[in-house]
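Biologist: Hi! Could you walk me through this one in plain words?

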Amino acid sequence: MKFMLMMNAPSGNGDWGISKWSPEDLKAHIGFMKTFTGGLAASGELVGAEGLAMPAQAKLVRAGKDRRPITDGVFPESKEFLAGYWIVDVDTPERAYQIAAEASAAPGKAGVPLNMPIEVREVMSAPPVEV
Amino acid sequence: MTYESEFTHENLLRELTPQVLGAVTRRFGDFGAAEDAVQEALLAAALQWPKEGLPENPRGWLIQVAARRITDHLRSENARRRRETIAADYSIGSIFGTVGSAAENEPDDTLVLLFMCCHPSLTASSAVALTLRAVGGLTTAEIARAFLVPESTMAQRISRAKQTIKTSGVPFSMPTRDERAERLITVLHVLYLIFNEGYTSSFGKSLQRMELSNEAIRLGRALRQLLPDEAEVAGLLALMLLTDARRPARSGSDGELIPLDKQDRALWDQGAIKEGVALITATLSKGSIGPYQLQAAIAAVHDEATTSDETDWPQILALYGLLKRMSDNPMVALNHAIAAGMVHGPRTGLDLLKKLDEDERLAGHYRIAAVRAHLLERAGDLDAAVEHYRAAAERTTSIPERDYLLTQAARLSRTRFRGP
């Protein structure tokens, strides 16, 4: 079963205040994410992962009457934003939660675990065998 | 090279894969190395045979090429070690000594291999992947495509599985008599998982995925040839045939889900039904009944009904009763409630569901809401039925199923609005 693990970072331009971290803290955080995702690839569980650009340039797009895009944004005040995601293929939901907890504990300032909220959602699939 | 010859070569290669891999593993004792060498030999065969024609003894040819690859590999490994350490005590001679000495014909090799790939130390997904590659002879790319994961992910999964087997130190031999029954359960489970993955993934016409269910049926046939007296092996094969027979009728032209009672039974594969029914009938008469045989018997009752109304529900209810006594699976209890609802009326089914509400394993499962909705509809309580159809739609993780459930809710709401 596949799950999407969505890493939510709080506050508009807050991004955990990441821009104000010391270079060592930043390096430790990036290093953790690389090792973590590398570990998922090595265990044969990683389907995909992407980090998203900061929300400062995010736009909301709708089609107008002529089907041309109408954009809206930027949203500096939004409380939470999607910072990145992983899609994993695992045997049980419990395994997905375990992976999410590992990601949540990524190191922040002075190496203190961030304990970020990770939203875990199952990816839709085909219907099961009927009996 | 004609398409036909290419096709036959491919079939032959897949047939021979487990035999060759079994023989090479038996000789060299290193499953991981043997697996790599056999993959190389298969590739060589796929390139050479169509051009140069089939060798006289294809199996011997493959074993020889794989053995050569593995000795080459060991030799270079040996040279490397000699360079690195002076005290290299690895003797190529001892390996060459064993090559060719083992009997060419080891019919049990495929079986030993299957037991090895379905080893209890592996997770279900690893066992599935390894079985498809080592016993099924599929390429890593094909397996990755079937499970909709990147090829590198599947390669890692297979390589980790091989490593797990290596470190667990299982010898390449049949499990002991005490272990065998338990290990056979794992093997059957892995084959059924492969089947289910294929059966569900081949849903709808737009999905171009390798037919894993056909592969599971092929492996089931091979296993039955090796263990003709195991009733549950026959039971599983019959179950797969009888379920697969209904596949063409399962989805409509827009990829929508069509439930059993609405399927066009003319689309069912009568050949598969005939084979499955004959197999399960012969097996059941021998005694020693197990859960796969019972599920096959239930599938047979469905498949033999020419119309949905002619379904022999009392018999299905009796079979689910037996199955319920044999297994503690809440899904069995749920299906038993459906059958009871068909025989004794929807109120009986709903009463049985109440008991199931207390089962934590089913708590919040969409199936219980979906079954309750069906029963409520039949009992005439349409408002409650709509509510439960919607609840089920919110919980299912399958898109066609969600659409089906939402459609049911919408249909009933409209009936309510327009009146009877």
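Modeller: Happy to, and we can take the model's confidence, the two chains and a few single residues in turn.

Modeller: This is a predicted model, so to speak of local features we need a pLDDT of at least 70, and side-chain atom pairs count only at pLDDT 80 or more, while totals for chains, interfaces and linings use all residues. Residues are numbered from 1 along each chain as its sequence is written, and chains are lettered from A and ligands numbered from 1 in the order in which they are written.

Biologist: What pLDDT does chain A average?

Modeller: Chain A averages 86, and 89% of its residues score at least 70. pLDDT is the predictor's confidence in each residue, from 0 to 100.

Biologist: Which elements of chain A have the lowest and the highest mean pLDDT?

Modeller: Strand S4 (residues 69-72) of chain A has the lowest, 85, and helix H2 (residues 93-104) of chain A has the highest, 96. Those names come from DSSP runs numbered from the N terminus: helices are H or I with at least four residues, strands are E with at least two.

Biologist: And chain B?

Modeller: Chain B averages 86 as well, with 88% of the residues at 70 or above. Over residues 86-105 of chain B, though, the pLDDT is below 50; beyond near neighbours in sequence, that stretch has 18 contacts in the model. Two residues are in contact if their C-beta atoms, placed from the backbone, lie within 7 Å.

Biologist: What are the scores for the complex?

Modeller: The predictor gives an ipTM of 0.76 and a pTM of 0.82.

Biologist: Okay, how do the strands of chain A line up in the open sheet?

Modeller: Four strands form it in the order S2-S5-S1-S6 (chain A), with antiparallel pairing. Two strands pair if DSSP finds at least two bridges between them. The edges are strand S2 (46-51) and strand S6 (118-122) of chain A, and each pairs on one side only.

Biologist: How many bridges does S1(A) share with S5(A)?

Modeller: Nine bridges join S1(A) to S5(A); for example, A:Ala9 has A:Phe81 in S5(A) as its bridge partner. With S6(A), strand S1 (residues 2-10) of chain A pairs over five bridges. There A:Met7 stands opposite A:Ile118, and A:Met4 is opposite A:Arg121.

Biologist: Which helix packs on that sheet?

Modeller: Helix H1 (residues 23-42) of chain A does, touching S2 and strand S5 (80-89) of chain A. Its direction makes about 160 degrees with that of S2(A). Axes are lines fitted to C-alpha atoms, for helices over the stretch in contact, and angles run from 0 to 180 degrees between N-to-C directions.

Biologist: Switching chains: how many helices and strands are in chain B?

Modeller: Chain B has 19 helices and zero strands. Of its 420 residues, 40% count as buried. Buried means 20 or more other C-beta atoms lie within 10 Å of the residue's own, exposed means 12 or fewer, and partly exposed is in between, with C-beta atoms placed from the backbone.

Biologist: Which residues are buried in H16(B)?

Modeller: In helix H16 (residues 346-356) of chain B, they are B:Gly349, B:Leu350, B:Leu352 and B:Leu353. They cover an arc of only 160 degrees around the axis, so they sit on the same side of H16(B). That arc is of the directions from the helix axis to the C-beta atoms. B:Arg347, B:Lys354 and B:Lys355 are exposed on the other side.

Biologist: What covers the buried ones in H16(B)?

Modeller: The cover includes helix H15 (330-344) and helix H17 (366-379) of chain B.

Biologist: Is B:Glu360 buried or exposed?

Modeller: B:Glu360 counts as exposed because it has 7 C-beta neighbours inside 10 Å. Its place is in the loop between H16 and H17 of chain B.

Biologist: Last topic: how many residues of chain B are in contact with chain A?

Modeller: 26 residues of chain B are in contact with 17 residues of chain A. H8(B) gives the most to that side of chain B, with six residues. By class, the side has eleven nonpolar, twelve polar and three charged residues. Ala, Val, Leu, Ile, Met, Phe, Trp, Tyr, Cys and Pro count as nonpolar, Asp, Glu, Lys and Arg as charged, and the others, Gly among them, as polar.
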